[in-house]
Every structure is written in C-alpha cells, then in structure tokens.
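Work through these exercises with the structure open beside you. Try each task before you read its solution.

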Amino acid sequence: MPISQAPYTRKYAHTASRGHESLVTCGYCGRQVPRYKTFIKFRGFRITDPTILQQVDRNDIHMGRQKMYVCPSCARFHKIVQRGKTVQKKHQARR
Ligand SMILES: [Zn+2]
C-alpha cells in the first residue's frame, strides 16, 4: 500500500457550535439546512459602469448587497466555492 499523506488533516470541524445549530434557508431551493453546512454568497448587483459610478454614492452601491445562504448541493450546482470547504488545497500542493 503506497503511503500518501494528504496535505490537510481530516477532521470534522464542527465542535464550536455543537448543540445549537441554527437552521437557515437556502437561497436557491429554500431548503432548511444547518448553517455550518451552508455556503455564504453575497447576492447583489455590482456596478461596473464608470459613468454610473460617478453619479451614484458609494453607500448606495453596498445597499444592494445581500447575504445569502446556499446549501451544499446548490453550491455545487452553481459552482460556489468557499475557501477551506473544498479539496482545492490538495490540488494546489501538487506541482
Ligand atoms: Zn439549496
């Protein structure tokens, strides 16, 4: 059996909030998912047009931002990737 060490420790990182898991609603499918399982996505518009940016106050731009929770299955479907929750590190280490 070949010895290969993963560049990360395999653990169930869910100890801090054990006991009281708050359920959140997925922004895509509306399912109730434990919050630690969800991905956080900021929904909102981003103004890229420089002419509009000059006219609009900066505070107004951030008003369109809305925090949204996405369940793992929807995150996979919509290709939402969050740092630390994927095996991306595994592939980055290889060169
Ligand atoms: Zn979902």
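**Exercise 1. Place a residue and classify it.**
Find the element that holds Thr 25, and decide whether Thr 25 is buried, partly exposed or exposed.

*Solution.*
Step 1. Thr 25 sits in strand 1.
Step 2. Count its neighbours: 14 C-beta atoms lie inside 10 Å of Thr 25.
Step 3. Apply the cut-offs: buried needs 20 or more, and exposed needs 12 or fewer.
Step 4. Thr 25 has 14 such neighbours, so Thr 25 is partly exposed.
Step 5. Now list contacts, leaving out residues up to four places away in sequence: Thr 25 touches Gly 30, Gln 32 and Tyr 69.
Step 6. Finally, compare sequence with space. Thr 25 and Cys 71 are 46 residues apart in sequence, but their C-alpha atoms are 8.2 Å apart.

**Exercise 2. Ask how far to trust the model.**
This model is predicted. Where is confidence highest, and where is it lowest?

*Solution.*
Step 1. Take the whole protein: its mean pLDDT is 73. Residues at 70 or more make up 51%.
Step 2. Go element by element. Strand 1, residues 23-25, has the highest confidence, at a mean of 91.
Step 3. Helix 4, residues 88-93, has the lowest, at a mean of 59.

**Exercise 3. Read the fold.**
Give the order of helices and strands along the sequence.

*Solution.*
Step 1. Count the elements: there are four helices and four strands.
Step 2. Read along the sequence: β-β-β-α-α-β-α-α.
Step 3. Check how far contacts reach. Take those between residues at least 6 apart in sequence; 59% of them join residues at least 24 apart.

**Exercise 4. Explain an exposed cysteine.**
Why does Cys 29 count as exposed?

*Solution.*
Step 1. Locate Cys 29: it lies in the loop between strand 1 and strand 2.
Step 2. Cys 29 is exposed because 12 other C-beta atoms lie within 10 Å.
Step 3. Look for contacts beyond four places in sequence: Cys 29 touches Cys 71 and Cys 74.
Step 4. Ser 73 is 44 residues from Cys 29 in sequence, and the C-alpha atoms are 9.5 Å apart.

**Exercise 5. Follow Lys 41.**
Which residues does Lys 41 touch, not counting those up to four places away in sequence?

*Solution.*
Step 1. Find Lys 41 in strand 3, residues 39-43.
Step 2. Lys 41 has 18 C-beta neighbours inside 10 Å, so Lys 41 is partly exposed.
Step 3. Lys 41 touches Gly 27, Met 68, Val 70 and Ile 80.
Step 4. Tyr 69 is 28 residues away in sequence, yet 6.1 Å away from C-alpha to C-alpha.

**Exercise 6. Find the core.**
Which residues make up the largest nonpolar core?

*Solution.*
Step 1. Note that 9% of the 95 residues are buried.
Step 2. The largest nonpolar core has eight residues: Val 24, Cys 26, Val 33, Phe 39, Val 70, Cys 71, Cys 74 and Ala 75.
Step 3. Pick one of them, Val 24. Beyond four places in sequence, Val 24 touches Val 33, Arg 35, Thr 38 and Tyr 69.

Key
Residues numbered from 1 in each chain as written. Predicted model: local features only at pLDDT ≥ 70, side-chain atom pairs only at ≥ 80, totals over all residues. Helix = DSSP H or I, 4+ residues; strand = E, 2+ residues; numbered from the N terminus. Contact = placed C-beta atoms within 7 Å. pLDDT = per-residue confidence, 0-100. Core = buried A, V, L, I, M, F, W, Y, C linked by C-beta atoms within 7 Å.
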